[in-house]
Amino acid sequence: MQEFRILGPLEVRGDHGPITLGGPRQRALLAALLLRAGRVVPTEQLVDELYGAEPPPTATASLQNAVVALRKALGPDVLVTRPPGYLLAIAPDQIDARRFEQVLTDARRASVTERRDLLVRALGLWRGPPLAEFAYEEWAQTEARRLEELRLVGTEERIATDVELSRAAEVVPELQSLVDEHPLRERLRELLMLALYRAGRQAEALDAYAAARAALDELGIEPGEGLQRLQAAILRHEAGLSRKGNGDHDSDAEIVKAIVAGRVVPVLGLDGGQDLAQQLALAFGYPADRPPDLARVSQYVATMNGSGPLYDELHRQFEAAADPQPVHRFLATLPPLLRDRGAPHQLVISTRYDLALERAFEMAGEEIDVVTYVATGPYRGKFWHRPPGEEPRPIDVPNTYATELSLERRTVLLKLHGAVDPFPDREWESFVITEDDYIDYLGRSDLVSSVPVALAAHLRRSHFLFIGYEMVDWNLRLVMHRVWGDRPLAYRSWALDPEPTALEQAFWRRFDVDVLDVEPDAYVGLLGRRLETVA
């Protein structure tokens with residue numbers, strides 16, 4: 001398979017080495033087609049780009065000759081004539097620039113250790129300025145600038161991982177050089193300040209802020225919020241700044257170790273809450289001028305139409321949303337591993353309403369106990385328990401409900417906000433979803449006192465792995481408040497939170513939770529691979 005390189009001098013490599021290209025016209029034609037690989041480029045557009053605004057009368061014939069010569073070099077199946085022009089029929093991963101972008105995307109979903117490896121690999125594809133020989137061609141300049149920007153972003157991200165991996169002192173010279181080259185790029189200034197601080201050079205970190213302020217002042221603007229916040233944190237010696245990230249501790253390894261010991265409680269949040277709110281709003285005529293928050297929309301439906309129609313629609317939505325996702329499938333693979341190691345099964349907490357995790361366990365041939373909060377009816381405020389293959393039953397006295405639930409036997413799923421009932425009569429179906437539901441939920445005594453005693457004891461001596469929560473989600477704040485109050489967690493815990501905001505990071509810090517800037521689906525794949533090495 002041929003490989004096309006534009007991250008540096010234009011090159012084409014085949015199975016047996018470099019492929020010789022013709023003169024400047026053929027090379028320019030190939031470059032122009034590579035920027036639109038997989039799409040038909042009209043002949044008229046190619047003539048305009050390669051021959052200028054006033055092409056000679058022979059331009060079209062000259063272009064056709066270049067096509068013939070290039071087709072001879074690449075093969076007839078690669079450069080295809082397709083009206084009204086030509087198509088370069090290659091896969092995106094045959095172009096180094098597209099591979100670079102894909103690896104950058106993959107890196108954003110990876111843990112910090114794996115992220116650095118991916119970023120180093122991505123940046124290693126570069127051999128010089130992109131499309132360098134076409135630097136003065138207007139058709140190439142926009143893409144060249146875009147690729148250079150992505151290269152700089154990738155470099156910033158790689159340096160950021162180095163700082164997190166306790167290599168702060170090593171990257172200071174590189175950062176100083178980059179800041180000199182890009183004096184107005186605040187992200188580089190922030191990284192330089194943080195690297196200097198973590199290298200024990202606090203005074204120089206503050207000098208770096210002063211230099212940033214002076215450079216920006218020449219344009220009549222103040223340093224951005226990130227720079228100002230970092231300077232204030234350095235002056236206060238905030239504890240989070242000194243944390244060396246995964247260089248002092250490998251979070252992946254710690255999570256894997258806790259999982260195989262049966263000491264991790266996954267806490268699953270509701271995915272797609274905003275989409276559900278919009279679907280309910282559309283189905284029940286929610287006013288378009290009001291915010292489509294799920295709790296508010298649900299309250300509107302319950303008030304205007306009654307809880308029956310609301311529950312019917314929620315039942316339909318959640319019963320349909322039962323296809324297991326990667327996180328569910330990952331959790332369903334753990335019971336055999338835990339049994340083999342003599343560890344207790346998982347206790348999984350969820351504020352989801354659907355049956356996706358139950359289906360994942362069913363597909364894996366594993367049994368699961370389901371314990372669910374009751375939001376309405378005579379058992380409101382209590383939990384019901386559905387053992388495998390049995391009818392649900394209420395848990396009337398949580399303090400004595402011990403032998404019925406055992407993590408030594410099988411996994412327990414604790415649903416804190418109700419759930420869809422898969423049985424035809426839907427006797428136990430309820431949802432904490434409207435504003436009134438949340439008010440009632442908040443008004444009750446400590447939720448943990450209603451949890452069966454054996455599960456409550458396990459919660460107090462576990463690590464937690466929060467998956468699928470955002471600050472905009474009421475469920476996150478409710479779970480933290482109702483289960484833990486304002487106390488930090490007793491054991492090291494983690495939150496999978498891609499691109500966390502400053503507010504989200506501050507929230508997690510209140511509970512001493514480490515934030516991992518990763519995509520959950522990709523991260524559980526990484527954990528699965530790590531677990532294979534310890535199984």
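**Reading salt bridges, a sheet and a cavity**

User: How many salt bridges does the structure hold?

Analyst: The structure, which is a predicted model, holds 36 salt bridges. One of them joins glutamate 114 to arginine 529, with the closest N and O atoms 3.3 Å apart. Since glutamate 114 belongs to helix α5 (residues 112–123) and arginine 529 to helix α23 (residues 520–534), the pair ties together parts that are 415 residues apart in sequence.

User: Are the two partners of that pair, glutamate 114 and arginine 529, buried or partly exposed?

Analyst: Buried is the word for residues under 20% relative accessible area. Glutamate 114, at 24% relative accessibility, therefore counts as partly exposed, and arginine 529 is likewise partly exposed, with a relative accessible area of 45%. In another pair, aspartate 354 and arginine 352 form a salt bridge whose closest N and O atoms are 2.7 Å apart; here aspartate 354 is buried at 6% relative accessibility, and arginine 352 is buried at 8%. A mixed case is the salt bridge between glutamate 429 and arginine 426, with 3.0 Å between the closest N and O atoms, where glutamate 429 is buried at 6% while arginine 426 is partly exposed at 26%.

User: Which residues are linked in a network of salt bridges?

Analyst: Such a network links Glu3, Arg5, Glu11, Arg99 and Arg127.

User: In what order do the three strands of the open sheet stand, and which of them are at the edges?

Analyst: The order of the three strands in this open sheet is β1-β2-β3, and their pairing is antiparallel. β1 (3–5) and β3 (17–18) are the edge strands, each with a single partner strand, so one side of each is left without a neighbour in the sheet. Between β2 (residues 11–14) and β3 there are two bridges, and arginine 13 has proline 18, in β3, as its bridge partner.

User: How should I read the empty space inside the model, and how many cavities of 30 Å³ or more are there?

Analyst: The general idea is that rolling a probe the size of a water molecule over the atoms shows where empty space is left. In this structure the count comes to three cavities of 30 Å³ or more, and the largest cavity has a volume of about 70 Å³. Its lining includes Ile259, Arg263, Phe330 and Leu465, and β7 (264–268), α16 (326–332) and α17 (334–340) each supply at least two residues of the lining of the largest cavity.

User: Which residues make a nonpolar patch on the surface?

Analyst: Leu184, Leu219 and Ile221 make a nonpolar surface patch of about 280 Å². Of these, isoleucine 221 lies in the loop between α9 (202–217) and α10 (225–236) and is partly exposed at 41% relative accessibility.

Definitions and conventions:
Residues are numbered from 1 along each chain as its sequence is written. This is a predicted model: local features need pLDDT of at least 70, side-chain atom pairs count only at pLDDT 80 or more; totals for chains, interfaces and linings use all residues. Side-chain values use heavy atoms; hydrogens and water are left out. Two strands pair if DSSP finds at least two bridges between them. Helices (H or I, at least four residues) and strands (E, at least two) are DSSP runs, numbered from the N terminus. Patches are made of residues with over 30% relative accessible area and no salt bridge: like charges are joined within 9 Å, nonpolar side chains (Val, Leu, Ile, Met, Phe, Trp, Tyr) within 5 Å. Accessible areas come from the Shrake-Rupley method with a 1.4 Å probe; for residues, only the protein chains shown count as cover. A salt bridge is a side-chain nitrogen of Lys or Arg within 4 Å of a carboxyl oxygen of Asp or Glu. Buried means under 20% relative accessible area, exposed over 50%, partly exposed in between (1.4 Å probe, protein chains only). On a 1 Å grid over the protein atoms alone, a cavity is a set of points where a 1.4 Å probe fits but cannot get out, and a pocket is an open set with protein on both sides within 12 Å along at least five of seven lines; lining residues have an atom within 4 Å of a point. Grid points are joined across faces, edges and corners, and a volume is the space filled by probe spheres set on the points.
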